[in-house]
Amino acid sequence: MIEHRNGILIAVALTTGVPAITLLATLHQMFGTGGDGPIRASAVQAPPAPAPAAKPAPQAPAAASPASPASPAAAAPAAATPAGAAKPAAAAPVPRRSAQDFSASRPAWEGYLQGADPALGKQLAASGKPAAGVQACVACHGQAGITPTGGIFPNLAGLTPEYIAKQLADFRQGTRKQALMNTVAQGLSEEEIGQLAAYYGSLAGPPLHVGETGGEAARKLDQIGDGARALPACANCHGLRGLGEGPLLPRLAGQSKEYFADQINAFRNGSRQNDDVGVMRAFAQRLTDSEVEALGQYYAGPR
């Protein structure tokens with residue numbers, strides 16, 4: 001019985017004593033003079049300032065021995081720093097990072113649209129700038145931004161101001177090439193590009209008859225695409241039935257089939273290269289001639 005009681009006491013002592021000793025050792029390590037615990041500010045000593053370097057005492061020049069001539073180093077006077085000479089510049093401070101270092105850059109054409117007046121754009125579209133070689137926009141794009149004769153001239157009505165401003169800026173810089181439009185855009189100021197974009201972006205697009213022609217192949221490419229050829233649905237970027245999707249993804253609905261085919265072929269042969277990361281150039285390569293024709297009819301609708 002006594003041995004059993006002693007065993008219980010030993011077990012209790014071990015159960016409570018070991019944790020207590022561990023706790024005391026931990027507290028001593030954290031708040032004592034050593035260990036990796038919190039550092040008290042009072043225990044941190046500032047490093048001593050470096051002592052200024054002692055200036056060497058001036059020495060009298062040694063007399064040259066008459067028997068041996070003085071060496072050139074001894075004969076040459078020591079180079080002295082001019083009294084008015086500037087001190088060496090201190091090292092430039094290392095620039096620090098700021099939140100703006102990681103912000104996305106904005107295209108210049110966005111500024112063209114700031115405060116752009118559509119009324120001034122309408123006047124410019126009707127009269128042009130003959131002195132700068134800029135003919136009236138209505139000559140090719142119609143009085144209300146809808147080309148009356150079709151052909152390879154696009155309808156500007158129904159496009160967004162952002163898309164028109166970007167295309168005019170690309171024509172101006174030469175990143176999109178078309179001889180007539182390069183000349184026109186280079187004769188326009190940035191402010192005038194913004195005015196024209198604001199004007200045409202305010203106009204309603206042509207009446208829609210999308211999907212009435214072009215056949216099942218065009219409808220499938222528009223709505224489903226062709227996964228086997230890595231062709232996504234055209235609607236993914238240009239909206240269902242080509243009605244447009246976002247400010248920079250243009251509306252295809254209502255454009256003539258001639259203009260549609262002309263631009264697809266320009267992407268194919270590389271004469272148009274202002275698409276985002278080359279996606280249209282890649283997709284255009286995967287379309288057959290019959291599919292380009294069918295899609296052009298699909299988006300244009302009957303005349």
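A residue is called buried when its relative accessible area is under 20%, exposed when that area is over 50%, and partly exposed in between. These terms recur throughout the following account of a predicted model.

The protein chain contains 13 helices and zero strands. Read along the sequence, its pattern is therefore a repetition of one element, α-α-α-α-α-α-α-α-α-α-α-α-α. Of the 303 residues in the protein chain, 30% are buried. The accessible surface of the chain comes to about 20100 Å², and carbon and sulfur atoms account for 62% of that surface. Contacts may also be sorted by separation along the sequence. Among contacts between residues at least 6 apart in sequence, 63% join residues at least 24 apart.

Helix α4 offers a clear example of how one helix can have two sides. It comprises residues 118–127. Its buried residues are Gly 121, Leu 124 and Ala 125. These residues lie on the same side of α4 because they cover an arc of only 100 degrees around the axis. Lys 122 and Gln 123, on the other side of α4, are exposed. For Gln 123, the relative accessible area is 51%, which is over 50%, so this residue counts as exposed. The buried residues of α4 pack against α5, which spans residues 138–141, and against α8.

Both ends of α4 also deserve attention. At its start, a side-chain oxygen of Asp 117 comes to within 3.0 Å of the backbone nitrogen of Ala 119. Just after the helix, Gly 128 has a positive phi of about 70 degrees.

The packing of α4 leads to helix α8, which covers residues 190–201 and includes Gln 195. Is Gln 195 buried or exposed? Its relative accessible area is 8%, so Gln 195 is buried. Leaving out residues up to four places away in sequence, Gln 195 touches Ala 116, Asp 117, Pro 118, Leu 120 and Gly 121. A further pair of residues shows how the folded chain brings together distant parts of the sequence. Gln 123 and Tyr 199 are 76 residues apart along the chain, while their C-alpha atoms are separated by 9.5 Å.

Further along the sequence is α11, a helix of 13 residues. The distance from its first C-alpha to its last is 18 Å, close to the 18 Å expected at 1.5 Å a residue. Which residues of α11 are buried? They are Tyr 259, Phe 260, Gln 263, Ile 264, Ala 266 and Phe 267. Seen down the axis of α11, these buried residues fall within an arc of 155 degrees, so they line one face of the helix. Their cover includes α12 and α13, the latter spanning residues 289–300. After α11 comes Gly 270, whose phi is positive, near 85 degrees.

The loop between α11 (257–269) and α12 (279–286) contains Asn 274. Asn 274 has a relative accessible area of 11%, and therefore it is buried. Its side chain takes part in polar contacts with two other side chains: one of 2.9 Å with Gln 167, and one of 2.9 Å with Arg 272. When neighbours within four places in sequence are set aside, Asn 274 is in contact with Lys 166, Gln 167, Asp 170, Thr 175 and Arg 176.

Val 277 belongs to the loop between α11 and α12 as well. Val 277 has a relative accessible area of 75%, so it is exposed. Its backbone also calls for comment. Most residues other than glycine have a negative phi. Val 277, however, has a positive phi near 50 degrees. A positive phi is also found at Ala 230, where the value is near 55 degrees. Ala 230 lies in the loop between α9 (215–223) and α10 (235–238). At 44% relative accessibility, Ala 230 counts as partly exposed because its value falls between the two cut-offs.

The cysteines complete this tour. A disulfide is a covalent bond between the sulfur atoms of two cysteines. How many disulfides are counted in this model? The count is zero. Cys 137 is in no disulfide, and the nearest cysteine sulfur, that of Cys 140, is 8.7 Å away. A disulfide requires sulfur atoms within 2.5 Å, so this pair does not qualify. Cys 137 is itself buried, at 14% relative accessibility. Cys 234 is likewise in no disulfide; for this residue the nearest cysteine sulfur belongs to Cys 237, 8.7 Å away.

Notes. Residues are numbered from 1 along each chain as its sequence is written. This is a predicted model: local features need pLDDT of at least 70, side-chain atom pairs count only at pLDDT 80 or more; totals for chains, interfaces and linings use all residues. Side-chain values use heavy atoms; hydrogens and water are left out. Helices (H or I, at least four residues) and strands (E, at least two) are DSSP runs, numbered from the N terminus. Buried means under 20% relative accessible area, exposed over 50%, partly exposed in between (1.4 Å probe, protein chains only). A polar contact is a pair of N or O atoms within 3.5 Å; within protein, one must be able to donate a hydrogen and the other to accept it, and residues adjacent in sequence count only if both atoms are side-chain atoms. Contact means heavy atoms within 4.5 Å. The expected span of a helix is 1.5 Å times one less than its number of residues. The arc is that of the directions from the helix axis to the C-beta atoms. Accessible areas come from the Shrake-Rupley method with a 1.4 Å probe; for residues, only the protein chains shown count as cover.
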